[in-house]
Amino acid sequence: MKELINIGDYAVTGEQVDCKLTHTFSNGIYMRQVEIPKNSLIEGKRHREETINILLKGKMSIIDGDTRIVLEAPCIFTSDKFTKKIGYAHEDSIWVNVHHTFSTDLEQIEKQFIIEEDEYKQLTYEESKCLGLQ
């Protein structure tokens, strides 16, 4: 059964698709490129630090919390740490994240730059306790 997902004014149905990933390493720079098919909904991971994002090709609607933007390639921007983006590809799109690391071990890079949801929730809970909100 296909699930109906609403993103802003867009509703999409479909099954999970595999997106082609390309990893590029050069002199302390790691670039992770994902090819996103038209009409796909994609959920990003939270990064531990501010991140450089590049939309090389295509057009995407991006939702980040209460913010909704439409991006058209070519487009380069940064996103704050801990940001969780959801995107809808209006066209076949290519998205790139850029990170500084000398590692070429993808598992190690993931641990270095990605914060898992459970860890993020614990951080925000601890922060709210320190502020007296809990």
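**A walk through the fold, starting from W95**

Set aside the neighbours within four places in sequence, and W95 is in contact with R32, Q33, V34, I36, N53, I54, L55, M60, I62, L71, F77 and K85. That list is a handy way into this structure, which is a predicted model. Several of those partners come back in a moment, when we turn to the core.

First, a little orientation. The mean pLDDT of the protein chain is 85, with 82% of the residues at 70 or more. Please take some care at the start of the chain: over residues 1-10 the pLDDT stays under 50, and the model has 27 contacts beyond four places in sequence for that stretch. The protein chain has 11 strands and two helices, and along the sequence they follow the pattern β-β-β-β-β-β-β-β-β-β-β-α-α. Of its 134 residues, 31% count as buried. Among contacts with a separation of 6 or more, 67% are between residues 24 or more positions apart.

Now for the interior. Which residues make up the largest nonpolar core? There are nine: V34, I36, L55, M60, I62, L71, C75, A89 and W95. Two elements, β4 (29-36) and β7 (59-64), each give two or more residues to this core. W95 is itself a member, and its contacts include the core residues V34, I36, L55, M60, I62 and L71.

Follow β7 a little further and you reach its partner, β8 (residues 67-72), which runs antiparallel to β7 and is joined to it by six bridges. M60 stands opposite L71 of β8, and both of these residues belong to the core. The two strands form a hairpin with two residues between them, and G65 in the turn has a positive phi of about 65°. Just past the hairpin, a cis peptide bond joins A73 and P74, with omega about -5°. P74 lies in the loop between β8 and β9.

Is C75 buried or exposed? C75 is buried because its relative accessible area is 17%, which is under the 20% cut-off. C19, by contrast, is partly exposed at 25%. If you are wondering about disulfides, a search of the whole structure finds zero.

Three loop residues with polar side chains are worth a visit next. K85 sits in the loop between β9 (75-79) and β10 (86-89), and counts as buried because its relative accessibility is 12%. Its side chain makes a polar contact with the side chain of S79, at 3.3 Å. Not counting residues up to four places away in sequence, K85 touches I42, E43, G44, N53, I62, I63, D64, S79 and W95. That brings us back to W95, and also to the core residue I62.

R46 lies in the loop between β5 (41-43) and β6 (51-57). With a relative accessible area of 13%, R46 is buried too. What does the side chain of R46 reach at 2.7 Å? It is the backbone oxygen of F82. Beyond four places in sequence, R46 touches F82, T83, K84, F113, I114, I115, E117 and Y120.

T101 is found in the loop between β11 (93-100) and α1 (106-113), and is buried, with a relative accessible area of 7%. A polar atom of the T101 side chain lies 3.1 Å from the backbone nitrogen of S103. Leaving aside neighbours within four places in sequence, T101 is in contact with G28, I29, Y30, I109, Q112 and F113. T101 and F113 are 12 residues apart in sequence, and their C-alpha atoms are 9.6 Å apart in space. F113 is also one of the residues that R46 touches.

Finally, a look at some backbone details. Most residues other than glycine have a negative phi, and most peptide bonds are trans. Against that background, two asparagines catch the eye. N27, in the loop between β3 (20-26) and β4, has a positive phi near 45°. N39, in the loop between β4 and β5, has a positive phi of about 70°. N27 counts as exposed because its relative accessibility is 73%, while N39 is partly exposed at 44%.

Conventions. Residues numbered from 1 in each chain as written. Predicted model: local features only at pLDDT ≥ 70, side-chain atom pairs only at ≥ 80, totals over all residues. Heavy atoms only, no water. pLDDT = per-residue confidence, 0-100. Contact = heavy atoms within 4.5 Å. Core = buried A, V, L, I, M, F, W, Y, C linked by side-chain atoms within 4.5 Å. Buried < 20%, exposed > 50% of the residue type's maximum accessible area, 1.4 Å probe, protein only. Helix = DSSP H or I, 4+ residues; strand = E, 2+ residues; numbered from the N terminus. Disulfide = S-S within 2.5 Å. Polar contact = N/O pair within 3.5 Å; in protein donor to acceptor, adjacent residues only side chain to side chain. Pairing = 2+ DSSP bridges.
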